[in-house]
Amino acid sequence: MSWISKTFSSSIGRKIIMALTGLFLCSFLVVHLIGNLQLFKDDGGAAFNIYSHFMGTNPLIRTLEWGLVLGFGFHIYEALILTRRNQAARGIGYVESRPSQNSSWQSRNMGLLGTIILVFLLVHLYNFFWRARFGDLDPDINNNDDLYTLVVSSFHQWWYVLLYVLAQVALCYHLIHGFRSAFQTVGLNHRKYTPAIKIFGYVFSVVVCAGFAAMPLYFYFFK
Amino acid sequence: MAGSNPNAKPMNLTLKVWRQKNRAAAGQVVDYNVRDISPDMSFLEMLDVLNEDLLRKGDDPVAFDHDCREGICGSCNLFINGRAHGPESGTTTCQLHMRKFSDGDTIVIEPWRANSFPVNKDLSVDRSAFDRIIQAGGYVSVNTGGAPDGNEIPIPKEIADRAFEAATCIGCGACVAACKNASAMLFVSAKVSQLALLPQGHVERATRVENMVAQMDIEGFGACTNIGSCAAECPVGISLENIALLNREFLTAKASSNNLS
């Protein structure tokens with residue numbers, strides 16, 4: 001089966017893994033955003049806690065969770081391998097370089113944006129996921145773990161809100177380049193569809209990230 | 001001179017030129033002043049003036065690659081003021097004219113930067129990595145026999161045009177030079193597309209893309225991150241659609257070829 005390992009250790013093979021895991025992670029963002037919209041429901045967090053209890057205990061979700069871990073793992077691993085390879089490809093840099101005249105900032109800084117997202121992700125996982133799964137949360141009126149109260153108290157800290165909003169800005173730029181780039185990498189570039197993919201990717205990035213950023217801002221300023 | 005502008009004033013310029021004795025030596029930027037440069041000169045003619053000055057003074061002239069000076073050979077690979085082939089899009093260095101600069105300008109001139117393109121001397125780089133990629137599969141094997149009649153193989157005009165557009169790649173390496181990752185994907189994609197689109201190229205289609213991509217990786221070029229600077233700096237306008245086609249060809253070949261290794 002060496003042809004398989006050769007395929008996915010070639011530069012194009014690794015890029016294809018980046019693209020496919022990236023699109024998979026985009027699908028996760030959609031589910032995560034829609035579920036968390038229940039935070040806006042004015043019921044003291046009852047619906048949100050039922051939802052988070054379901055997500056933490058349903059066997060199907062718990063299995064898919066490992067798929068998500070693998071998705072992030074491969075995306076980050078391939079990014080590290082490719083970035084090292086790409087940096088090694090130009091040992092001596094230019095004295096004078098003006099890349100802004102031929103490419104967009106976000107397209108050249110996917111690694112930086114990804115690192116900001118990763119730092120955010122670790123803080124985010126520790127604060128919510130870790131404490132919900134392994135911590136000791138108080139029960140709510142329905143006897144579910146009261147994750148909602150933890151969310152509300154977290155989003156009343158200004159530095160936490162700032163971290164979230166900055167991370168969503170980084171994610172937005174990451175997606176603006178990443179979404180359309182993934183289609184190009186798997187070979188889907190067609191004059192009929194590519195303009196639509198670009199517009200959809202842009203709208204998708206802004207809507208998803210604005211949706212996530214709205215949550216900490218809403219609790220900080222209005223609750 | 002026909003087409004010249006009699007009112008154009010000669011220019012004085014400061015050049016910051018990369019000087020490097022040989023492959024092993026460490027290089028550095030050296031400042032030169034050139035005087036009375038006509039705006040009608042090409043960039044290479046301006047460098048000729050510099051070299052005549054240097055020779056008169058008994059100094060070593062600046063080595064730079066050039067051949068046809070008509071924008072078709074792809075030899076004149078200079079990184080000028082932070083851009084491959086200079087500030088004009090869709091042009092080679094030899095077709096860049098001094099009227100695009102102003103009197104008193106400082107111009108930084110560097111060689112292509114990529115580990116796969118070692119600097120021979122000064123501004124001259126070794127692009128034989130491209131030749132080895134072509135040797136790995138960028139050809140159609142010619143079998144002996146009677147010469148086929150013209151137009152014996154029907155090829156739709158649209159396909160012929162797309163193949164021709166890909167075939168306009170002059171192999172100058174501006175795509176590698178401009179790419180943040182020093183990736184050769186645009187070059188390889190143009191060469192793969194050109195042959196994959198035509199029926200004559202279908203026979204060796206799968207092995208071609210497998211071998212050319214393998215050679216591209218062996219040469220140490222970076223991977224594409226779709227930033228698009230290659231296509232923006234390409235003097236003949238090779239489009240990113242070719243890279244998508246290359247990726248498609250690669251996946252199809254890997255999935256369907258009989259090559260198990």
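Start in chain A of this predicted model by selecting α3 (46-57), α6 (110-134), α8 (158-185) and α9 (194-222), which are among the elements covering the buried residues of helix α7(A). Now add α7 itself, residues 147-154. Six of its eight residues are buried, so this helix is largely enclosed by the rest of the structure. To see them, pick out A:Leu147, A:Tyr148, A:Leu150, A:Val151, A:Val152 and A:Ser154.

Next, go to A:Thr194, which lies in helix α9 of chain A. Is this residue buried or exposed? A:Thr194 has 15% relative accessibility, and buried means under 20%, so A:Thr194 counts as buried. Show its side chain together with that of A:Asn189: the two make a polar contact at 3.3 Å. Setting aside neighbours within four places in sequence, A:Thr194 is in contact with A:Leu188 and A:Asn189.

Now bring chain B into view. Where chain B and chain A meet, 50 residues come from chain B and 37 residues from chain A. Together the two chains bury about 3800 Å², with 51% of that on carbon and sulfur atoms.

Zoom in on B:Glu241 and A:Arg191, whose side chains form a salt bridge (3.0 Å, N to O). Two salt bridges are found across this interface, along with 29 residue pairs in polar contact.

To finish, colour the parts of chain B that give two or more residues to the side touching chain A: β5 (106-110), α4 (174-178), α7 (205-218), α8 (229-233) and α9 (241-256). Which element gives the most? That is α9(B), with ten residues. The residues on this side of chain B divide into 28 nonpolar, 13 polar and nine charged.

Note on methods
Residues are numbered from 1 along each chain as its sequence is written. Chains are lettered from A and ligands numbered from 1 in the order in which they are written. This is a predicted model: local features need pLDDT of at least 70, side-chain atom pairs count only at pLDDT 80 or more; totals for chains, interfaces and linings use all residues. Side-chain values use heavy atoms; hydrogens and water are left out. Buried means under 20% relative accessible area, exposed over 50%, partly exposed in between (1.4 Å probe, protein chains only). Helices (H or I, at least four residues) and strands (E, at least two) are DSSP runs, numbered from the N terminus. Contact means heavy atoms within 4.5 Å. A polar contact is a pair of N or O atoms within 3.5 Å; within protein, one must be able to donate a hydrogen and the other to accept it, and residues adjacent in sequence count only if both atoms are side-chain atoms. Buried area is the accessible area (1.4 Å probe) that two parts lose on being put together, summed over both. A salt bridge is a side-chain nitrogen of Lys or Arg within 4 Å of a carboxyl oxygen of Asp or Glu. Ala, Val, Leu, Ile, Met, Phe, Trp, Tyr, Cys and Pro count as nonpolar, Asp, Glu, Lys and Arg as charged, and the others, Gly among them, as polar.
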